[in-house]
Amino acid sequence: MRVSVIGLGRLGLVHAAALASLGHRVVGIETNTERVGKILDGTLEIHEPGLADLVRSALTDGTLDVTSQPSTAMGARVHFLTVGTPELAFHEGFNAGYLESALRSLVPFLQPGDLVVGKSTVPPGTAVALAAQLHRESPDAELAWNPEFLAEGTAVRDTLAPQRLIYGVSSQEAAGRLDEVYQPILDTGTHRVITDLATAELVKLATNAFLATKISFINTIAQLAATSGADALQTAQLLGTDTRIGASHLNPGLGYGGGCLPKDTRGLAYYAQHAGAMEAAQFFAQVDIINTVQRQHIAEWVIAQLLERQGSQVAILGASFKADTDDTRESPSIALAHVLISAGLRVRIADPVVVASCGADSRLEFVRTAEEAMREADVTLVATAWPEYRHLNPEALLPTVRRPLIVDTRHCLDSENWRNASWDYRSMFNLPLH
Ligand code: UDX
């Protein structure tokens with residue numbers, strides 16, 4: 001089938017390449033011409049395992065075209081909207097403007113019976129409003145909502161082998177058309193659920209808010225475990241073995257970042273406030289506050305350690321918001337670095353793929369390797385669980401630092417190994433609370 005995908009960011013490019021790999025003829029439309037050029041050159045702007053190969057082979061086979069022209073959508077029977085819905089200033093909800101203008105730019109090229117499918121994460125009410133916009137501007141086309149649950153680092157796998165597919169539709173025809181798109185995935189036994197537009201869009205926002213809540217919940221429990229003498233990590237692990245709870249998103253640590261969990265939790269709080277659901281608004285606002293406090297707590301502890309030291313230096317290992325991505329949006333490690341720099345400390349941050357971060361303090365020094373960041377460091381903080389940090393050699397690093405103090409905020413190092421090599425190894429939950 002011919003399909004179009006409008007918006008080739010982290011969601012859209014993966015979706016377009018995945019649909020091409022399933023045998024569809026896909027046109028990917030992106031208004032940013034520089035990004036189009038990079039995709040066509042094979043120099044992707046993003047680090048996402050498996051994506052470069054998928055895009056390259058789809059371009060070579062001719063199953064994927066990438067352009068900046070909305071007119072190339074003409075002839076496709078299904079049009080996916082995958083543009084961003086960034087947070088508005090002062091945390092006042094989402095900007096749905098890109099979705100509205102993507103739909104407007106598509107309308108002149110729609111043909112009777114075409115299906116337009118929203119995939120972006122949106123506040124409740126957006127899908128129904130877009131359906132009304134489409135009905136006014138192109139009455140013979142229909143809108144559906146088909147949320148995407150991919151996580152960065154596993155985006156290709158999550159798209160091609162989703163846990164389930166959710167169709168928010170207003171007609172059987174729309175569901176049938178989506179079945180045609182996803183037939184190879186359905187043939188593997190993947191479950192699909194048919195619901196309405198409002199439920200499909202809310203499930204997505206609620207999923208991200210729930211994952212954020214789980215992380216903030218376990219971070220509060222981990223702090224309580226530490227104050228009561230319990231083992232914070234084992235408590236989390238044991239909670240996760242209860243199948244009613246589940247182990248995912250139950251790792252305590254520096255907290256969540258990225259382009260989704262922080263924005264979506266605050267977005268839900270903002271929506272709840274405006275819907276008059278004040279308890280819900282306070283609940284989600286508190287989840288966000290707990291998340292932010294995690295990094296503040298670490299920063300205060302580090303600053304207290306180094307108060308007397310002129311020219312003290314901190315090494316932060318990991319700049320991305322999690323491993324296997326170069327995404328630094330709302331990265332807890334960058335936020336932590338900002339607090340430390342503001343307190344007058346020199347901070348070097350290492351990351352295997354991030355070389356600089358948009359909006360980062362210009363005094364923040366980016367280096368490639370942990371070894372470089374740790375040279376002459378007074379404190380080392382592990383902020384992202386990149387697998388390579390597990391293979392660091394504590395004996396070899398010992399003579400290169402000013403003080404062998406390491407705080408593992410992601411609990412990804414072998415603590416015994418570091419302690420045996422004479423390092424003062426701390427889990428972030430071994431630090432005093434205040
Ligand atoms: C998330 C959702 O998982 C995905 O379904 C949705 O489509 C987009 O948002 P992503 O932002 O890629 O995906 O990351 P995720 O793996 O969920 O992790 C988010 C953040 O939480 C990261 O900063 C991670 O380090 C942190 N995290 C995750 C924890 O602190 N503890 C955990 O147990 C899990």
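The count of disulfides in this model comes to zero, where a disulfide is a pair of cysteine sulfur atoms within 2.5 Å. Before we set off, note that this is a predicted model, in which local features need pLDDT of at least 70 and side-chain atom pairs count only at pLDDT 80 or more, while totals for chains, interfaces and linings use all residues. Residues are numbered from 1 along each chain as its sequence is written, and side-chain values use heavy atoms, with hydrogens and water left out.

**Stop 1: two cysteines**

Select Cys412 and check its surroundings: this residue is buried, at a relative accessible area of 6%. Buried here means under 20% relative accessible area, exposed means over 50%, and partly exposed lies in between (1.4 Å probe, protein chains only). Now pick Cys260, which is partly exposed at 33% relative accessibility.

**Stop 2: helix 10**

Next, select residues 261–274, which make up helix 10. Helices (H or I, at least four residues) and strands (E, at least two) are DSSP runs, numbered from the N terminus. From first C-alpha to last, helix 10 reaches 20 Å with its 14 residues, close to the 20 Å expected at 1.5 Å a residue; the expected span is 1.5 Å times one less than the number of residues.

Is helix 10 largely enclosed or open? Ten of its 14 residues are buried, so helix 10 is largely enclosed by the rest of the structure. Among the buried ones are Leu261, Pro262, Lys263, Asp264 and Arg266. To see what they pack against, show helix 8 (197–228) and helix 11 (278–306); contact means heavy atoms within 4.5 Å. After the helix comes Gly276, with a positive phi near 80 degrees.

**Stop 3: strands 1, 2 and 3**

Move to the start of the chain and select strand 2 (residues 25–29), where four of the five residues are buried. Strand 1 (residues 2–6) runs parallel to strand 2, and five bridges join them; two strands pair if DSSP finds at least two bridges between them. Label Ser4 and you will find Val27 of strand 2 opposite. Follow the backbone from strand 1 through helix 1 (residues 10–21) to strand 2, and you trace a right-handed β-α-β crossover. Right-handed means that, with the strands pointing away from the viewer, the path from the first strand over the helix to the second runs clockwise.

Strand 2 is also joined to strand 3 (residues 64–67), in parallel, by four bridges. Gly28 has Val66 of strand 3 as its bridge partner.

**Stop 4: Ser138**

Select Ser138, in the loop between helix 5 (126–137) and strand 6 (142–145). Its relative accessible area of 11% makes this serine buried. Leaving aside residues up to four places away in sequence, Ser138 touches Val107 and Leu110.

**Stop 5: a six-stranded sheet**

Now colour strands 9 to 14. They form an open, parallel sheet of six strands in the order 11-10-9-12-13-14. At the edges sit strand 11 (365–367) and strand 14 (424–427), each pairing on one side only. From one strand to the next, the twist averages 20 degrees, with axes taken as lines fitted to C-alpha atoms and angles running from 0 to 180 degrees between N-to-C directions. Zoom in on strand 10 (residues 346–350), which pairs with strand 11 over three parallel bridges. There, Arg348 stands opposite Glu365 of strand 11.

**Stop 6: helix 12**

Which elements do the buried residues of helix 12 pack against? Show helix 11, strand 9, strand 10, strand 11 and strand 12 (379–382), and you have them. The buried residues include Ile334, Leu336, Leu340 and Ile341. Helix 12 is followed by Gly344, whose positive phi is near 95 degrees.

**Stop 7: positive phi without glycine**

Most residues other than glycine have a negative phi. Against that background, select Asp324, which has a positive phi of about 70 degrees although it is not a glycine. This aspartate lies in the loop between strand 9 (313–317) and helix 12 (332–342) and is partly exposed, at 34%.

Ser422 also has a positive phi of about 70 degrees, and it is not a glycine. Look for Ser422 in the loop between helix 15 and strand 14, where it is exposed at 53% relative accessibility.

**Last stop: Asn417**

Finish in helix 15 (residues 415–420), where you will find Asn417. This residue is partly exposed, with a relative accessible area of 34%. Draw a distance to Ala52: the two C-alpha atoms are 365 residues apart along the chain and separated by 36 Å.
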